[in-house]
Amino acid sequence: MALGNFSRVTEFILLGLSDTRELQVLFFTFFFLAYAMVLLGNLLIIVTVRTDPKLSSPMYFLLCNLSFIDICCTTVISPRMLVDLLSQRKAIAFEDCIAQLFFLHFVGASEMFLLTVMAYDRYIAICKPLHYTAIMSRQVCWVLVSACWAGGFLHSMVQTLLTMQLPFCGPNRIDNYFCDVPPVIRLACTDIYVTEWLMASNSGLISLVCFLVLVTSYTFILVTVRVRFTEGRWKALSTCASHVMVVTLFFVPCIFIYLRPFSTFPSDKHICVIYTVFSPVMNPLIYTLRNNEVKASIWKLWKRCRVF
């Protein structure tokens with residue numbers, strides 16, 4: 001397709017994590033197991049929450065949505081990556097690359113917003129328990145979740161449209177294992193200074209603001225538990241610490257990658273593994289194995305399945 005005096009790139013070559021065959025087989029095994037854990041763990045959470053009437057509080061409604069987003073997020077990347085690890089030529093069509101970029105930022109930003117809503121839900125439940133049912137009604141939960149998806153969609157549209165308007169006429173080798181904004185726009189045949197700062201102010205600031213809101217919420221929770229409660233203080237501290245650890249694994253790499261000029265820094269594909277692989281694996285572990293109600297419901301579901 002012609003673009004001015006240039007011929008537009010029709011496909012990109014993904015360089016992946018390594019060009020060594022032995023390492024590619026090792027990566028395939030690791031990522032396949034991680035993808036299977038994400039699918040099985042999050043599907044188990046969704047089925048458990050949907051089938052147990054006791055898990056009908058807003059917290060579990062939001063947890064169910066987080067599990068669905070985690071499945072979507074890892075499915076955008078993992079299947080294609082697993083195929084490429086076994087392929088000699090890791091080519092992806094221009095349209096497919098843009099589609100992957102769009103859906104990655106769509107579900108990724110939606111997850112950031114949802115994690116922020118979940119922190120707000122825990123803040124209301126612990127710091128304002130008498131008003132919890134009035135503030136976090138089912139209607140409010142639906143509005144908040146819908147706002148998360150709408151915010152993710154708007155964010156992704158901005159990133160995608162800014163990428164698509166760039167001319168790609170020469171280099172087509174992406175130094176990553178998936179299509180993302182930083183490595184893609186580096187290949188543009190034009191000055192991207194303004195575009196990259198617009199994208200950084202979008203993705204980077206969203207990551208930073210959501211992370212600061214999360215940390216602030218958990219700080220208020222810990223202060224409230226320390227002042228008001230004596231029993232269960234260490235349990236609350238342990239739970240909050242584990243949640244902060246998970247959101248840190250997700251947000252800090254995103255802040256590091258997106259809140260800076262893309263063209264002046266080398267590829268960060270190894271850091272991307274943290275929020276595309278490790279974080280989706282950790283979410284079901286942290287949000288369920290440390291929750292006695294969910295563990296009891298999973299055990300009841302297991303016993304019902306054994307009967308049949």
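**Exercise 1.** Determine whether Phe 31 is buried or exposed, and classify its ring pair with Tyr 177.

*Solution.* Phe 31 has a relative accessibility of 3% and therefore counts as buried (under 20% relative accessible area; exposed is over 50%, partly exposed in between; 1.4 Å probe, protein chains only). The model is a predicted one, in which local features need pLDDT of at least 70 and side-chain atom pairs count only at pLDDT 80 or more, while totals for chains, interfaces and linings use all residues. Residues are numbered from 1 along each chain as its sequence is written, and side-chain values use heavy atoms, without hydrogens and water.

Next, rings of Phe, Tyr and Trp (its six-membered ring) pair if their centres lie within 6.5 Å; planes under 30 degrees apart are stacked, over 60 edge-to-face, and the rest tilted. The centres of Phe 31 and Tyr 177 are 6.4 Å apart and their planes lie at 25°, so this pair is stacked. Tyr 177 is likewise buried, at 4%. Both residues belong to one aromatic cluster, which also includes Phe 27 and Phe 278.

**Exercise 2.** Establish which residue forms a disulfide with Cys 97, and state the handedness of the link.

*Solution.* A disulfide requires two cysteine sulfur atoms within 2.5 Å. The sulfur atoms of Cys 97 and Cys 179 are 2.1 Å apart, and these residues form a disulfide. With -120° about the S-S bond, the link is left-handed. Both Cys 97 and Cys 179 are buried.

**Exercise 3.** Explain why Cys 64 is too far from Cys 72 for a bond.

*Solution.* The closest cysteine sulfur to that of Cys 64 belongs to Cys 72 and lies 12 Å away, too far for a bond. Cys 64 is buried, at 13%.
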